[in-house]
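Let us take a walk through a protein together. Have a look at the sequence and the fold, and then read on.

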Amino acid sequence: MYDIIIVGGGPAGLTAALYARRAGRSVLIVEKNGFGGQMTFSPKIENYPAFASISGSELADKMVDQTLNAGADVEIGEVTGIERTADGFCVRCGDASFAARAVILATGAKHRLLHVPGEERFIGDGISFCAVCDGAFYAGKTVAVIGGGNSALQEALLLAETSVRVIVVQNLENFTGERSLVELLLARPNVEVMFGSTVAEFVGEDTLSGVVVENAAKKRRTLEVDGVFVAIGLAPENGAFEPLVRLDGGYIDAGEDCLTSAAGIFTAGDCRTKRVRQITTAVADGASAALAACAYLDRE
C-alpha cells in the first residue's frame, strides 16, 4: 500500500509527488498519456521562474527527472475509478488496482479542439491556447483568435496590445462573453471580428501560414495569419471521480487549500475550480495538496 497515489503527471502532480517524497511518504504517480500535461505543447516558455526561456517538453523532463530521483514510482495507465476501503482507497487502472491511504487528483484539463484538418499538425507550431504564455512571440504580427466567450475576448484584448492585427472568428452572430469585455475589444482599432464564421482548415508548409474560414453561406476565404489562438473552452476529465468528490461544472470543487468534499482525497492544478490556470499555479497547488495529504496521514 502506498501512502499517496497521485492521478496525473502534469506540473501539479509532479510537484505533489516531490513534496510528498521529501516528507518521507511513499508515492505512486499514475499518468495515462505523457508526463508534463498541457505545457508540453508550448515550444517556448518565458514566464516560469528561473528560466529565461525553456520549451515545455524540456521543463517537463526536468520535473520528471527530479521527481523520479526523489523516489516516486510511476504507472502508465488510465484511472477508471476510485473506491474507498477500510484502510484507505483502491485506485483502479485497467486490469490493475493499487492501494493508498490518500489520493491526490491532478488530472488537469484539456483545451477543447476544433477537430479540423491541420489542427493537430500545427499545435505548438502556430496554434496556441494561451496568450499570456505565447502572445509575446506574435508582437507586431497578425493573429487570429477563435471563440467568442470571456476567454476568447480576454485573449484577444491581451494580443491586441502587442500584435499589429487581431482577427476574432466567432461561429455565432454575436459574442457570448461579458458586455464590458466586448466593448473594450470593439474599441481597439487593430481588432477585426468575423461573426457567423467557422474554421474549416489550418494551412501552411513548415509552419502555419493561414486559417480557412467558412461563413453561413458556405463561402470560404483564407486569412493570412502568423498564429492562431484557440479559445473555445477547457474540458476537465473528472467524471470517474464524481461518486466520491463534489464537482462544479465538471471541475473538482476545491479552494486554495486543495481539500475536496471527501476526506483523504485532495486535488491540484487545472482540474479544480479556480480562476487562473498557469504552470506556476499548478505547481503551487501541487505543494499545497501534498502538504495537506501529509497532514491528513499524520492525523490518521
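Before we start, sort the amino acids into three groups: Ala, Val, Leu, Ile, Met, Phe, Trp, Tyr, Cys and Pro count as nonpolar, Asp, Glu, Lys and Arg as charged, and the others, Gly among them, as polar. Keep in mind, too, that this model is predicted.

With those groups in hand, let us visit a pocket. The second largest pocket has a volume of about 170 Å³. It is lined by 13 residues, and the closest to its centre are Pro43, Gly124, Asp125, Gly126 and Tyr138. What is the division of the lining into nonpolar, polar and charged residues? Five are nonpolar, four are polar and four are charged.

Charged residues bring us to the next stop. Side chains of opposite charge can pair when their charged atoms come close. The structure holds 13 such salt bridges. One of them joins glutamate 237 to lysine 32, with 3.3 Å between the closest N and O atoms. This pair links distant parts of the chain, 205 residues apart: glutamate 237 sits in the loop between strands S16 (234-236) and S17 (247-248), while lysine 32 lies in the loop between strand S2 (27-31) and helix H2 (56-69). Glutamate 237 counts as partly exposed because its relative accessibility is 37%, and lysine 32 also counts as partly exposed, at 33%.

Now find lysine 218 and glutamate 214, another salt bridge, whose closest N and O atoms are 3.6 Å apart. Are these partners buried or exposed? Lysine 218 is exposed, with a relative accessible area of 60%, whereas glutamate 214 is buried, at 15%. In a further salt bridge, aspartate 253 and arginine 246 bring their closest N and O atoms to 2.9 Å. Elsewhere, Glu256, Arg272, Lys274 and Asp285 are joined into one network by salt bridges that share partners.

Our last stop is helix H1, residues 11-22. How far apart should its ends be? At 1.5 Å a residue, its 12 residues should span 16 Å, and the end C-alpha atoms are 17 Å apart, which agrees. H1 is mostly covered, since nine of its 12 residues are buried; among them are Leu14, Leu18 and Ala20. The buried residues pack against strand S1 (2-7), S2, H2, strand S6 (96-105) and helix H7 (279-299). Just after H1, glycine 24 takes a positive phi of about 85 degrees.

Notes
Residues are numbered from 1 along each chain as its sequence is written. This is a predicted model: local features need pLDDT of at least 70, side-chain atom pairs count only at pLDDT 80 or more; totals for chains, interfaces and linings use all residues. Side-chain values use heavy atoms; hydrogens and water are left out. On a 1 Å grid over the protein atoms alone, a cavity is a set of points where a 1.4 Å probe fits but cannot get out, and a pocket is an open set with protein on both sides within 12 Å along at least five of seven lines; lining residues have an atom within 4 Å of a point. Grid points are joined across faces, edges and corners, and a volume is the space filled by probe spheres set on the points. A salt bridge is a side-chain nitrogen of Lys or Arg within 4 Å of a carboxyl oxygen of Asp or Glu. Helices (H or I, at least four residues) and strands (E, at least two) are DSSP runs, numbered from the N terminus. Buried means under 20% relative accessible area, exposed over 50%, partly exposed in between (1.4 Å probe, protein chains only). The expected span of a helix is 1.5 Å times one less than its number of residues. Contact means heavy atoms within 4.5 Å.
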